[in-house]
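Visitor: Please take one part of this molecule and look at it closely, and then follow the connections that lead away from it. I would like a single, continuous account rather than a list.

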Amino acid sequence: MRKTMLTMSWDDGSIHDLRLADLLSKYNLASTFYIPKNNIEGIPVLPIREIKELSNNFEIGAHTINHTRLNTLPRDQTKYQIKGSKNWLEDLTGKSIYGFCYPGGRYDKNIIEDVKEAGFFYSRTIENFRNEISNLHEMPTTLQFFNHKNYVLLANILKSKNSFKKLSNYHPILKINTLIKKLEYILDYSINNNISYIHFWGHSWELDLYDQWDFMEDFFKILREREQLFSFKTNFQCAFEKSKDHF
Ligand SMILES: [Zn+2]
């Protein structure tokens, strides 16, 4: 039986990413970091030297130049935000950048076209409660590392495309109050149902703001304890596996 692929991604390239990277390295866990050049929302971005350091051990993905919502921009600026962020990161890291993440999860058909045209292999959304990649340019996630209230999660499910399937798979989560138990539920669910893909995502600046570092380490320990059940991958490795399977 194939192991469940488990990937994690971290958005915004905040100055707390290096602390997170140390913790991930301590437990030998793969991850992808999506980094904008600047952040107009005011969250400070890592200095270039540190982005380079991060790229030695983790996948780096693009997250636009300014962390702007792409669906609010004229088309030529959208193209610049997408292609410009790929060029910037490739120059800086000396490596190919395969992944893109839509700021705020905002995208439409034209934006997907622009991302493909810029040469990205895959792009990540913020859609929750998914366990399969049906489209490489709408790579979904399973849960955010953020303790959203259960009614927020429910509202999120109800307005999404696959709400029936999500509710039937994950309704027990809406009765669980702690984030760690929700995450454990997903791990158990995936193993019991022979699920191939789990994707958790978050922001290191939120880990810091909400003092979630101990929680994060506890969760990484849980992952290590179950290492025989999962293969820890970057987002690109998952996208690549899926492309081979003709998903
Ligand atoms: Zn972001």
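Guide: H67 lies in the loop between β3 and α3, and this loop in the predicted model is the part I would look at closely. The backbone of H67 deserves a first glance, since its phi is positive, at about 60 degrees, although H67 is not a glycine. H67 has a relative accessible area of 5%, and because buried means under 20%, H67 counts as buried.

The side chain of H67 takes part in a metal site: the protein donors of the zinc ion are D12 through OD, H63 through NE2 and H67 through NE2, and they lie 2.1 to 2.2 Å from the ion. Read along the chain, these donors follow the spacing D-x50-H-x3-H. The pair of D12 and H67 links distant parts of the chain, 55 residues apart, with D12 in the loop between β1 (4-11) and α1 (17-26) and H67 in the loop between β3 (59-62) and α3 (75-93). D12, too, is buried, because its relative accessibility is 3%, below the limit of 20%.

The same words, the loop between β3 and α3, also describe the place of T64. With a relative accessible area of 0%, T64 is buried. How far is T64 from N147, C-alpha to C-alpha? The two are 26 Å apart in space, and 83 residues apart in sequence.

Beyond the loop comes helix α3, in which K79 lies. K79 has a relative accessibility of 30% and therefore counts as partly exposed, the class that falls between the 20% and 50% limits. Between K79 and N110, which are 31 residues apart along the chain, the C-alpha separation is 9.8 Å. A second distance from N110 can be set beside that one: I173 stands 63 residues from N110 along the chain, and their C-alpha atoms are separated by 35 Å. I173 itself belongs to the loop between α6 (163-170) and α7 (179-192), and its relative accessible area of 0% makes it buried. Another lysine, K86, places its charged end over the ring of F120, 5.6 Å from the centre of that ring.

A positive phi is also found at F129, where the angle is near 60 degrees in a residue other than glycine. F129 lies in the loop between β5 (122-124) and β6, and with a relative accessible area of 3% it is buried.

From here the account turns to aromatic contacts, of which a search of the whole structure finds 18 pairs. In one of them, the rings of F145 and F200 have centres 5.7 Å apart and planes at 45 degrees, so this pair is tilted. F145 lies in the loop between β6 (143-144) and α5, while F200 lies in strand β7 (residues 197-202), and the pair therefore ties together parts that are 55 residues apart in sequence. Both F145 and F200 are buried.

F145 has a further partner in F219: their ring centres are 5.8 Å apart and their planes stand at 65 degrees, so the pair is edge-to-face, the class given to angles over 60 degrees. Since F219 lies in helix α9 (residues 213-225) and F145 in the loop between β6 and α5, this contact ties together parts that are 74 residues apart in sequence. F219 is buried, as is F145. Which residues do the ring pairs link into a cluster? They are W10, F145, F200 and F219.

The last feature to consider is the largest pocket, whose volume is about 700 Å³. Its lining is made up of 28 residues, and those nearest its centre are G104, G105, I126, E127 and W201. Helix α5 (residues 150-158) gives the largest share of this lining, with 3 residues. By character, the lining residues divide into 9 nonpolar, 11 polar and 8 charged.

Note on methods
Residues are numbered from 1 along each chain as its sequence is written. This is a predicted model: local features need pLDDT of at least 70, side-chain atom pairs count only at pLDDT 80 or more; totals for chains, interfaces and linings use all residues. Side-chain values use heavy atoms; hydrogens and water are left out. On a 1 Å grid over the protein atoms alone, a cavity is a set of points where a 1.4 Å probe fits but cannot get out, and a pocket is an open set with protein on both sides within 12 Å along at least five of seven lines; lining residues have an atom within 4 Å of a point. Grid points are joined across faces, edges and corners, and a volume is the space filled by probe spheres set on the points. Helices (H or I, at least four residues) and strands (E, at least two) are DSSP runs, numbered from the N terminus. Ala, Val, Leu, Ile, Met, Phe, Trp, Tyr, Cys and Pro count as nonpolar, Asp, Glu, Lys and Arg as charged, and the others, Gly among them, as polar. Donors are N, O and S atoms within 2.8 Å of the metal (3.2 Å for Na, K and Ca); water is not among the atoms, so sites may look incomplete. Buried means under 20% relative accessible area, exposed over 50%, partly exposed in between (1.4 Å probe, protein chains only). Rings of Phe, Tyr and Trp (its six-membered ring) pair if their centres lie within 6.5 Å; planes under 30 degrees apart count as stacked, over 60 as edge-to-face and the rest as tilted. A charge sits over a ring if NZ of Lys or CZ of Arg is within 6 Å of the ring centre and within 35 degrees of the ring normal.
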